[in-house]
Amino acid sequence: MKLRHIVQEGGQALHANKLRSALTIIGIVVGIFAVTAMLALGEGLSQNIEDRISSMSSGDISVQGDLTMTDFEWIRSQLYTEDVVATLSSSNPTVIISGTEYSVSVSSPFGDYLDANDLDITKGEVYDFNDPEYEEKVVIVSSSLEDAVVEDGGQSILNQKISIGGLQYTVIGIFEESSSGFMRNDGTAYIPYKAAVGNVSNTSNFSSMAVYLVDSSYYEIAGKHILEGLNASRHLSLDSEDLFSVSTAQSMIESVQETSAMISLFLGVVGGIALFVGGIGTMNMMLTSVTERTKEIGLRKAIGARNRDILLQILAESVFLTMIGGIIGILITYIVSIVANKMLGDSSTLSLVVSSGVVIFATSVAIAVGVIFGLYPARNASKLQPVDALRTE
Amino acid sequence: MNTETNNIVTLEHVHKEFVLSKAVTVKVLNDINLTIKEGELVAIIGPSGSGKSTLMNLIGCLDTPSTGTYLFNGKNVGTMDDDALAELRSTEISFIFQSFHLLQGKSVYQNVMLPLQYQRTFKGDYREKVEKALKEADMPENRWNYKPNLLSGGQRQRVAIARALVAQPKLLLADEPTGNLDSKTGENVLDALIKLNREHGTTVVIVTHDNSITEVVDRTIRIVDGLIQQD
């Protein structure tokens, strides 16, 4: 029997039992929706966390500890280093603008900050991040801070003096801040290294350094080398993590990927249970259908149908059911993902991502369910002896 | 012509028994020896339970003998697997059943086309063959798209005849073809089978309990209690 006829026969058989087919399809729709929604949720969760880690982490390697200018120069001199940005430890100084206190993240990035980051200066100018002796009391602030001030009835703060930790700093530039991280505040302010020492920071040492590598894949070797170099300079054992810790965005992402894979698996299993129930429904329908059509199967065999023809016909019906259910299930998931993502908003860690991978996986699962749960009824039908089938009342 | 090749059906010492349980075995056919030549119009008659339908099932390759040999067109059916038997039924043997066995979800036209769908070797125009078969079975053209439940008993049997003709079989087996029809319609159906035998040379075997059929066939085989009583 040609494939065209198998498909036609399958379609006709399902059409002949519209209500029963529809009810079976609903079972599969629920199952596929559960699987795809759970996978989409898992994927969304994983992507969001990875994105946030990527955006939060500066550089390929992050070095934490009490780091000196000498350490900075040493790391910068390494062949694998492209850029280094060091940050002073900050004491979260109070920021007051026009008499109003704002929640501002104040830091003093030092080094190759402008090379490593696309700082989009929308107004004014920037100071030299590489000059350790520049001590003018200037500050550049994020546009969100300016927006907050304007919202509170203030004016543009460019060229205005603002109070940071009790000292007056002149705003010389405003930059567009890319939204990132889990923290929410009024904005960000950068002040020169030397202008920060003694005010927002009690020490001239850095609390962290972000190292940008010539090639990101060196992160493991470079990270080990930096830790060993720093420990050696302090006469510590090379792998000690007492004073310094070295972490990489990649290693964090890998760890999160492992966790999110586990979450996806768990969610997938939950969806799989619903799909299993749908599959049992399909098998039930196909078994009933085969029993009802025993005589028809006998006739088909009498006029020349081979066992394989009957097997394929029943399987085609089963796969038809689950594929239709699968497609509807995927469509519903897609629609639900659009609605849910709109409701949750961009800032939410939760989101549904119906990727092509999820669609391909769900379609394959739908077909597989049709084959697996249709196989037993189809085999039963194909094994019927024509004479016995025709004799059935 | 060689006698062996002229025999379309050759049964030698064929027995058929059904095992109902470990303790109960029913012998339905006993040492059947029978040949049917190509182009013959044969009636197998006998009372209910005599084993005539079982014999038809064996001849039609719907069932296999418990012991004995069955040669169809010189080929030993006993050595064939399910696929080979299906192929034989698809290309060389057709059936007409008392209860028509039409598929209710399909139109007249689709019912008649069905055997061609299972012919692996068939290439060409389905339409031409289906229309020819329907016309030969005297099925009015304005009924071709009807579903079987809208047809009279006689028309349904004509559809079944058309379905049997479409594959251009060498052997046509009719199991009580007039059993569900009134006498007038039954005569028409019988005439159609006789015409098929006379004009196309198709071997026709009619299985019935109706003795009156002996007047119109070439040969009558009477079977009683699983034994051929008269040939």
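**A first walk through chains A and B**

Let me begin with chain A, where buried residues make up 40% of the 393 residues, and let me say straight away that what we are looking at is a predicted model. Chain A has twelve helices and 13 strands, and if we take its contacts with a separation of 6 or more, 84% of them are between residues that stand 24 or more positions apart.

Turning to chain B, I would like to start with a sheet. Four strands of chain B form an open sheet, in the order S2-S1-S4-S5, and the pairing is antiparallel. Because strand S2, residues 25–37, and strand S5, residues 75–76, stand at the edges of this sheet in chain B with a single partner strand each, one side of each is left without a neighbour in the sheet. For S5(B), that partner is strand S4 of chain B, residues 67–72, and these two strands pair in the antiparallel sense over two bridges. One pair to look for there is Phe72(B) with its bridge partner Lys75(B), the latter in S5(B).

Staying with the sheet for a moment, His13(B) has its place in strand S1 of chain B, which covers residues 7–19, and although His13(B) is not a glycine, it has a positive phi of about 50°. Is His13(B) buried or exposed? His13(B) counts as exposed, because it has 12 C-beta neighbours inside 10 Å. Asp225(B), which is not a glycine either, also has a positive phi of about 50°, but Asp225(B) is found in a loop of chain B, between strand S9 (219–224) and strand S10 (227–230). With 14 C-beta neighbours inside 10 Å, Asp225(B) counts as partly exposed.

Next, the place where the chains meet: 17 residues of chain B are in contact with 17 residues of chain A. On the chain B side, the elements that give two or more residues are helix H3 (82–91) and helix H4 (108–117) of chain B, and H3(B) gives the most, with five residues. By class, that side of chain B has seven nonpolar, six polar and four charged residues.

Finally, the interior. The largest nonpolar core has 91 residues, and those with the most contacts inside it are Ile44(B), Val112(B), Ala162(B), Leu173(B) and Val205(B). Leaving out residues up to four places away in sequence, Val205(B) touches Ile36(B), Val42(B), Ile44(B), Met56(B), Ile59(B), Leu171(B) and Leu173(B). Another core, of 49 residues, lies apart from that one, and among its members are Ile97(A), Ile140(A), Ala196(A) and Leu230(A).

Conventions
Residues are numbered from 1 along each chain as its sequence is written. Chains are lettered from A and ligands numbered from 1 in the order in which they are written. This is a predicted model: local features need pLDDT of at least 70, side-chain atom pairs count only at pLDDT 80 or more; totals for chains, interfaces and linings use all residues. A residue is buried if 20 or more other C-beta atoms lie within 10 Å of its own, exposed if 12 or fewer, and partly exposed in between; C-beta atoms are placed from the backbone. Two residues are in contact if their C-beta atoms, placed from the backbone, lie within 7 Å. Two strands pair if DSSP finds at least two bridges between them. Ala, Val, Leu, Ile, Met, Phe, Trp, Tyr, Cys and Pro count as nonpolar, Asp, Glu, Lys and Arg as charged, and the others, Gly among them, as polar. A nonpolar core is a set of buried Ala, Val, Leu, Ile, Met, Phe, Trp, Tyr and Cys residues joined through C-beta atoms within 7 Å.
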